[in-house]
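Please prepare a briefing on the structure shown here. Group the points by topic and keep the wording plain.

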Amino acid sequence: MSPQIDFTTHIDLPLVKLPQAKPCLLVIFGATGDLTRRKLIPALYSLSRKGCLPPEFQIIGIGRRALSDDDFREQQRQGIEESAESQHVDASLWSGFAAQISYLSGDFNDRQTLDRLAERLASAPPANRIFYLATAPSATSTIVRELATVGLNCEDNGFSRLVIEKPFGQDLASAQALNRLIAAGFQESQVYRIDHYLGKETVQNVLFFRFGNALFESVWNRNHIEFVEITAAEPLGAGHRAGYYEEAGALRDMVANHLLQLLALTAMEAPVALDADAVHDRKTDVWRSIRPMTPADVAARTVRAQYVAGAVNGDRVPGWLEEPGVRPDSRTETYTALDLRIDNWRWGGVPFYLRTGKRLAAQATEIAVHFKRPPLSFFPCTDCLQSNVIILRIQPDEGISLTFGAKEPGTSRNAVPVSMDFCYREAFAEDPPSAYAVLLLDALRGDSTQFTRSDGVEAQWRVITPIQDAWAKDTDTPLATYEAGSEGPAEADRLLERNGHEWRSIGESNWVCQI
């Protein structure tokens, strides 16, 4: 591990202060599901504690289960205490927050449910409404259509917004069909396609890091950068999501949204302003510039693999084909790696390597920008530095690291790699707001910058669908395998080795926040 230089200890930064939302009524479809219980309500409670939600704010949960308002509130209180943020529920604060929550039982496919909702909203201030679809993708079309049919898409007395969870379709054709259906009832300005990765603090900071610092933006191009790797690794298996994951796989579940979003933020040109349309324009430009893959390209520049039995954190775990709910002949990839090329002036010739997988050595989501080596090395080196690397760490410890060469102490002239590390928790003395808290507040305030526009969705699927099609047609080539708890398949290493590159280790973090 490289020696570390701590430049956060003496930085005196203010605590994070968030703005207040406008009065609004938030309707959550799928209110009894895990997403609502584990993410949405805890995020809203956190916003309430920070003073971001006005007294007029209301939440109506809609689900199929027959629950009273009090039963639903108690479920959500337990969810807050069990959430990833592990928030303590203050009795007095909870009492005020719970009073803003109510429940409506009904089937999403039953028009009467939407009619009852419309009746309740007609007499329930405030006039501003947001409809959050925390449901299975199969319910999206019906809910969108029925909302428009009963007139809840209208913005006569206030705003009416639609928040839709990924996936946005399963391929290009289905994404286009979904966009057409949404456009028939809602204006694009009303639609917020949410990808929770975009709410993470380091992801949002990519643009500020690049375009707010002349030091970095001046070298952010093919003249100075050798390659970029974007990693989203996790040690967990599919768990209770095995049924969904069996149909989706790593490519659709992670690359088609999360990783392509990270790629766009890393590679985009400077927007004319930091408003939603300007940022969306530049991100979509990147996706449209990615070189489409032919079947031959797919064979040469992609890897798909499944994990086999192994050990994760010292515990033996079964292979993918032995997991409950997985077909014994499954060809679903639990790991994928891609070599993508962006055909534009800034990035011509620079490989962008993307990889994601389950049951890997550790949890690590990061963007690593590798700079070219000096043209001539004067110094002998110990544990030689391959190149300067900027690492934007998205999880588990959000921050930024810069690796560079320094003189080894003493009389020698050896060069050693060292790193400067910035950690959000250390610098701000608190954890950043959760991704869902940030994005929910953006939706409440009408800022769609960190959401996805319809043309961006289709541009991403134009990258992914040729890979899907080529894989679907190849039913004979055995999938690569990798042992659970490892760094991934050897085939992914060879993907980079042919270009003289190698992956950063998943199992070794360059820093750990100390606070």
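Leaving aside its neighbours within four places in sequence, which residues is histidine 258 in contact with? In this predicted model, the contacts of histidine 258 outside that sequence window are Lys166, Asp195, His196, Tyr197 and Asp253. The points below start from this residue and go on to domains, aromatic rings, charges over rings and cysteines.

**Annotated site**
- An unreviewed UniProt entry lists His258 under "active site".
- Histidine 258 is placed in helix 9, which covers residues 242–267.
- The relative accessible area of histidine 258 is 2%, so the residue counts as buried, the cut-off being under 20%.

**Domains**
- The protein is divided into domain 1, residues 25–165, and domain 2, made up of 198–375 + 454–498.
- Between the C-alpha centres of domain 1 and domain 2 the distance is 33 Å.

**Aromatic rings**
- The structure holds 15 aromatic pairs.
- In the pair of tryptophan 94 and phenylalanine 97, the ring centres are 5.8 Å apart and the planes meet at 50°. This pair is classed as tilted because its angle of 50° is neither under 30 degrees, as for stacked rings, nor over 60, as for edge-to-face rings.
- Both tryptophan 94 and phenylalanine 97 belong to helix 3 (residues 91–98), where they are 3 residues apart, about one turn of the helix.
- Tryptophan 94 is buried at a relative accessible area of 12%, and phenylalanine 97 is buried at 1%.
- A cluster linked by ring pairs consists of Tyr245, Tyr307, Trp320, Tyr335 and Tyr482.

**Charges over rings**
- Arginine 161 sits over the face of phenylalanine 159, 3.5 Å from the ring centre.
- Lysine 200 sits over the face of tyrosine 197, 5.6 Å from the ring centre. Tyr197 is also one of the residues in contact with histidine 258.

**Cysteines**
- The structure holds 0 disulfides.
- Cysteine 24 takes part in no disulfide, and the nearest cysteine sulfur, belonging to cysteine 52, is 14 Å away.
- Cysteine 24 is buried, with 0% relative accessibility.
- For cysteine 154, the closest cysteine sulfur is that of cysteine 24, at 16 Å, which is too far for a bond, because a disulfide needs sulfur atoms within 2.5 Å.
- Cysteine 154 has 43% relative accessibility and therefore counts as partly exposed.

How values were computed:
Residues numbered from 1 in each chain as written. Predicted model: local features only at pLDDT ≥ 70, side-chain atom pairs only at ≥ 80, totals over all residues. Heavy atoms only, no water. UniProt positions renumbered as here; feature names shortened; annotations may be inferred. Helix = DSSP H or I, 4+ residues; strand = E, 2+ residues; numbered from the N terminus. Buried < 20%, exposed > 50% of the residue type's maximum accessible area, 1.4 Å probe, protein only. Contact = heavy atoms within 4.5 Å. Phe/Tyr/Trp six-rings, centres within 6.5 Å; stacked < 30°, edge-to-face > 60°. Lys NZ or Arg CZ within 6 Å of the ring centre and 35° of its normal. Domains from an automatic or database assignment.
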